[in-house]
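Open the model in your viewer and keep the sequence panel in sight. This tour goes from stop to stop, saying what to select and what is there.

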Amino acid sequence: MGPRIDDEQGFGLTTVLFTLIAVVCAFAALAVAAAAMSSSNDAKDAAKAASATAVSLTEFRINPADLAPANGLLKVANDGSVVHNLAVKGEDLTTPDLKGGESATLDVSGLDHGTYAVFCSIPGHAEAGMKGVLTVGATGGHGAMTAGTASEDALLKTSDADDERMKEPVTAFVGQLTDGPNTEGIGNPPMEPKILADGTKQFDLVARIIDWEVEPGKTVRAWAYGPADGEPSVPGPLIKVSSGDKVRVVLDNQLPQSTSIHFHGIDVPNKMDGVPDVTQEPIKPGERFAYEFVAKGPAVGMYHSHHHAEHQVPDGLLGAFLIDDLPVPAGVTVSQRIPMVLNDAGVIGLSLNGKSFPATLPTIAKQGEWVLIDYFNEGLQIHPMHLHGLPQLVIAKDGFPLAQPVSMDTVNVAPGERYSVLVNASLPGVWAWHCHILNHAESDDGMFGMVTTFIVQ
Ligand SMILES: [Cu+2]
């Protein structure tokens with residue numbers, strides 16, 4: 001029994017061993033099979049990745065700019081030195097931000113067949129040139145020999161779409177000629193003073209935060225001046241007085257921050273200069289301060305905050321302050337005087353008279369009229385203001401009449417400067433009028449910002 005039992009046990013052990021070996025072998029086989037499968041997937045991925053269309057990003061180019069990946073994959077490499085990405089316009093599809101030397105695969109195979117604009121979405125990079133066209137899917141019957149033609153077609157189609165998109169702001173601007181302003185609120189409303197018993201002209205101003213529509217549908221929280229009994233605006237009310245007037249400007253600070261008013265380019269006594277901690281205490285929220293002086297002209301000035309000015313002024317605490325009319329050359333009769341307040345920062349941004357194109361208003365004159373334009377730069381950058389078709393005769397700089405007026409087609413207005421120019425509406429037509437720093441006037445979506453027109457009827 002014993003040996004049999006042993007034999008049985010021996011047999012049993014052998015069976016167990018064989019079973020174990022078999023199981024181990026089976027696992028090994030599975031592992032091998034799995035490894036084989038995985039390596040075959042890796043091989044497929046590798047093959048797919050190898051056939052992905054290579055795109056190189058550099059400063060500031062997408063190369064090639066005309067992409068038509070056969071298998072819907074783009075191998076995007078940042079060959080530049082700053083961070084870039086590749087995004088598909090209008091789709092929620094982009095590579096991660098890639099540092100120089102990094103790359104990523106972008107799968108565009110899920111997009112509907114068609115053409116798409118691609119760009120680098122890092123601010124300023126598309127404008128600097130990082131734009132391209134992506135074609136997804138077959139373009140119909142084109143073989144390898146005609147691939148170039150197909151992508152040229154795609155580029156043309158994109159160009160049509162581009163042109164349509166860029167026309168929209170112009171259409172909105174032109175609509176104002178028949179339908180009136182396309183935004184709420186107009187800057188520079190003339191302000192009438194309260195006349196005090198001694199003849200003093202008193203202007204009661206309130207500073208507060210308001211909703212201001214910069215362009216159709218874009219409303220910002222502006223910091224604005226307004227008459228105590230009227231609507232605030234950006235720019236604030238236009239104040240005009242005459243030489244010898246006793247002027248009193250009372251500011252009621254309804255802002256959450258202290259403020260002050262500096263009368264830039266206007267003769268005032270030192271203690272009325274509006275510089276907190278230098279000539280006065282800051283005007284705290286809820287407080288008032290009265291600025292008093294006797295007007296001395298001619299002057300083309302501005303009134304604006306001189307406290308937290310780096311944000312209070314571009315956010316809207318600015319206005320034009322004129323004393324008297326400017327002397328004009330013999331034989332010239334001025335039919336209208338137009339303030340043109342330039343701004344480029346804060347919540348208001350690139351704008352003319354507190355509005356960005358297409359919400360800027362045109363200047364309209366009859367043929368032969370003389371129009372006087374005062375430029376005021378309340379922004380942080382210089383703006384070369386270019387008027388098409390009609391020369392600008394500069395008659396005053398910072399309100400000081402020039403001994404010899406000088407003609408220009410582009411007037412460079414630096415921060416704080418004022419230029420007064422006469423324009424003779426000599427040639428009929430709609431003349432573009434814009435800042436000539438081109439990205440202050442045009443974007444991928446067409447004209448915006450510091451653009452308006454001068455219309456001669
Ligand atoms: Cu500009």
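## First stop: a strand and its partners

Select Ala-87 and look across to strand 8, where its bridge partner is Phe-119. This is a predicted model. Now show the two strands around that pair. Strand 5 covers residues 87-88, strand 8 covers residues 114-119, and 2 bridges join them in an antiparallel arrangement.

Stay on Phe-119. Which residue stands opposite Phe-119 in strand 9? That residue is Lys-131. Extend the selection to strand 9, residues 131-136. Strand 8 and strand 9 are antiparallel, and 6 bridges pair them.

Next, add Ala-65 to the view. Ala-65 sits in the loop between strand 2 and strand 3 (66-67). Draw a distance from its C-alpha atom to that of Phe-119: the value is 9.3 Å, for two residues 54 apart along the chain. Setting aside neighbours within four places in sequence, Ala-65 is in contact with Lys-131, Gly-132 and Val-133. Is Ala-65 buried or partly exposed? Ala-65 counts as partly exposed, because it has 16 C-beta neighbours inside 10 Å, and a buried residue needs 20 or more.

## Second stop: an open sheet

Select strands 2, 1, 4 and 7, in that order. They form an open sheet of 4 strands, ordered 2-1-4-7, with mixed pairing. Strand 2 (61-63) and strand 7 (103-107) are at the edges; each has a single partner strand, so one side of each lacks a neighbour in the sheet. Look along the sheet to follow its twist, which averages 25° from one strand to the next.

Zoom in on strand 1, residues 53-58. Strand 1 pairs with strand 2 in the antiparallel sense, over 3 bridges. For one of the residue pairs, pick Ser-56: its bridge partner in strand 2 is Asn-63. While you are here, show the side chains. In a regular strand, side chains alternate between the two faces of the sheet.

## Third stop: the nonpolar cores

Clear the selection. Then pick Ala-207, Phe-321, Leu-342, Tyr-375, Val-421 and Val-423. These touch the most other members of the largest nonpolar core, which holds 72 residues. Add strand 11, residues 201-215: this strand gives the core its largest share, 6 residues.

Centre on Leu-342. Beyond four places in sequence, what is Leu-342 in contact with? Its contacts are Leu-352, Tyr-375, Phe-376, Asn-377, Glu-378, Gly-379, His-383, Val-413 and Met-450. A second core is separate and has 21 residues, including Val-88, Val-108, Ala-126 and Met-130.

## Fourth stop: unusual backbone

Most residues other than glycine have a negative phi, and most peptide bonds are trans. Four places here go the other way.

- Select Val-234 and Pro-235. The peptide bond between them is cis, with omega near -10°. Pro-235 is in the loop between strand 12 (218-227) and strand 13 (239-241).
- Select Phe-357 and Pro-358. Their peptide bond is cis too, with omega about 15°. Pro-358 lies in the loop from strand 20 (349-352) to strand 21 (363-365).
- Select Asn-353. This residue is in that loop between strand 20 and strand 21 as well. Its phi is positive, near 50°, and it is not a glycine. Asn-353 is buried, with 22 other C-beta atoms within 10 Å.
- Select Asp-324. Its phi is positive at about 65°, although Asp-324 is not a glycine. Look for it in the loop between strand 18 (318-323) and strand 19 (334-345). Asp-324 is partly exposed, with 18 other C-beta atoms within 10 Å.

## Last stop: confidence and the whole chain

Colour the model by pLDDT. The average for the protein is 88, and 85% of the residues score at least 70. Residues 1-41 stay under 50, and the model gives them 0 contacts beyond four places in sequence. Then select residues 139-148. Their pLDDT is below 50, and this stretch has 5 contacts beyond near neighbours in sequence.

Finally, zoom out to the whole protein. How many helices and strands are there? The secondary structure comes to 3 helices and 31 strands. Of the 457 residues, 36% are buried. Among contacts with a separation of 6 or more, 67% are between residues 24 or more positions apart.

Conventions
Residues numbered from 1 in each chain as written. Predicted model: local features only at pLDDT ≥ 70, side-chain atom pairs only at ≥ 80, totals over all residues. Buried ≥ 20, exposed ≤ 12 C-beta atoms within 10 Å, placed from the backbone. Contact = placed C-beta atoms within 7 Å. Pairing = 2+ DSSP bridges. Axes fitted to C-alpha atoms, helices over the stretch in contact; angles between N-to-C directions. Core = buried A, V, L, I, M, F, W, Y, C linked by C-beta atoms within 7 Å. pLDDT = per-residue confidence, 0-100.
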